[in-house]
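Visitor: I have a structure to look at. Can you walk me through some of the labels people put on it?
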Amino acid sequence: MNMETIVSLCKRRGLIFQSSEIYGGTGSCWDYGPPGVELKNNIKRVWWRDTVQLRTDMVGLDASILMHPLVWKASGHLDHFTDPMVDCRVCKRRFRADKLDDSPWVHYCPATKGNKFEVPAGEPCTHCGARRTLCPACGKGELTEPRQFNLMFKTFMGPVEEEAAVTYLRPETAQGIFVNFDNVLQSMRLKLPFGIAQIGKSFRNEITPGNFIFRTREFEQMEIEYFVNPADTIGGRPADEVWHERWIEERLAWYRRYGLRAENLRLREHEKDELAHYAKRTADIEYHFPIGWSELEGIANRTDYDLKQHAQWSGKSLTYFDEERKTHVVPYVIEPSAGADRSLLAFLVDAYAEEEVRGEKRVVLRFHRELAPTKIAVLPLLKKRGEIVETAHAIRGALARRWMTVYDDTAAIGRLYRRQDEVGTPYCVTVDVQTVGDPDKGEAGDRKVTIRDRDSMEQVRVPIDTLESVLGRLLAGEPWERVAGRA
Ligand code: ATP
């Protein structure tokens, strides 16, 4: 499966649109349509529930995007948050020097009279054996030497556009947590180890955004800063190292819990020369995206670097009083940093399936029920029959109090089912003639409706009175066979 398939499904079914599309789009920003915003909210909601709500050692925070400019000096972003950039001398396009071989390249092959080919990423030409040396986009231009380019978006705070008013859109949410460390510690009376979680927008002026929502200039992060006493040990080992491992396990398990297949996930340790100078260890959770194995989440041991830097630049003490040892310590921090949009892409890719049903292609998104944008679609079998339509609306109204439920009567039932399959709705409820009966013929309805299961496409008829409890069991994760068998 390739990225185009996902992009076109997302557009067709209203999940994701290109930002400002009627103006030709921006190429680096995307908008989430009606089912898309539900999906993203669900991802953020389960992340928050699992990381904050269900744990006794975590609290939440929502810091502002614009911060004091010194934050970015202290954090090192002003001086070091750069990527190496090269320019093509012919077409003038710009590229990240370290990602040049991550996409297909254009090649005018001397072995075939200069014919133009698109060669797969990182591979040599199969005709002449040459590897890419020129511009990957035009295939003609020499590339300049790499220059460092700062990825932060600059802006002005207040009405005067002068140097003193310069500030930046945050390139990560983490710094909002570090600068609030003492506020949260004191107000919540926390004891180490504890963590602060935050979900929010970040901005990076990426040199080469692309691959749909994988790399954009505006995106959402779901970040945890987990503070550990560096003097503590667990089982004879430094507590920060043990907690780092625990978080790696926890985050891998989280992706698997919501549907990512184990074979599409792997851990990649950063090599010593790749580590940020303050990091003791960093491991990336990688996912097998259609563009290849790429980072989904980074989990770093940032030591005491950030708190020390902010203490130094702000002049405020950012320490923790260790009651046991009667001394002030600067906690170490473990940072599991995930992207909400990148996770969404991974969940989409993993959920996508094409299958043949009675000679026809069926596209289905097998989302975990907690992530599915819509949980239930209520569909009338005949929209000309008033009682059927009224009953369907009444059912939708009742179910919508608990779950995202839609009503749709804009096509024949087969097509309505396909449409719901394509956005991953786990259950459809159909109201038919039998449900309401036929007063003209003196036939009473049985007040039963059909539930259809997205994955097996099996159906079961249940009384309207028990519908909510049956759906409640299904949406709580009870297997279809068991619920349908007893319904
Ligand atoms: P990359 O090497 O892909 O640029 P990074 O190592 O700079 O990523 P981090 O700073 O570790 O990324 O950010 C943490 C997470 O935030 C990433 O794992 C990813 O999920 C998300 N993320 C970072 N940059 C982007 C972006 N430009 N677009 C979408 N998500 C992003």
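**Reading the labels**

Guide: Arginine 189 counts as exposed, because it has 6 C-beta neighbours inside 10 Å and the cut-off for exposed is 12 or fewer. Keep in mind that this is a predicted model.

Visitor: What is said about phi of arginine 189, and where does arginine 189 lie?

Guide: Phi of arginine 189 is near 50°. That is a positive value, in a residue other than glycine. Arginine 189 lies in the loop between α6 and β11.

Visitor: What else lies in the loop between α6 and β11?

Guide: Proline 193 lies there, between α6 (181–188) and β11 (194–203). The peptide bond from leucine 192 to proline 193 is cis, with omega near -5°.

Visitor: Why is lysine 326 called exposed, or is it buried?

Guide: Lysine 326 has 7 other C-beta atoms within 10 Å. Exposed takes 12 or fewer, so lysine 326 is exposed. Lysine 326 is in the loop between β18 (320–322) and β19 (327–329). Phi of lysine 326 is near 50°, again a positive value outside glycine.

Visitor: How do you know that strand β12 pairs with strand β20?

Guide: Pairing takes at least two bridges. Six bridges join β12 (residues 218–228) to β20 (residues 332–339), so the two strands pair. They run antiparallel. In β20, valine 333 is the bridge partner of phenylalanine 227.

Visitor: What makes β3 and β15 edge strands?

Guide: The open sheet has seven strands, in the order β3-β11-β12-β20-β17-β16-β15, with mixed pairing. β3 (58–61) and β15 (265–269) each pair on one side only, and they are the edge strands. The twist averages 25° from one strand to the next.

Definitions and conventions. Residues are numbered from 1 along each chain as its sequence is written. This is a predicted model: local features need pLDDT of at least 70, side-chain atom pairs count only at pLDDT 80 or more; totals for chains, interfaces and linings use all residues. Helices (H or I, at least four residues) and strands (E, at least two) are DSSP runs, numbered from the N terminus. Axes are lines fitted to C-alpha atoms, for helices over the stretch in contact, and angles run from 0 to 180 degrees between N-to-C directions. A residue is buried if 20 or more other C-beta atoms lie within 10 Å of its own, exposed if 12 or fewer, and partly exposed in between; C-beta atoms are placed from the backbone.
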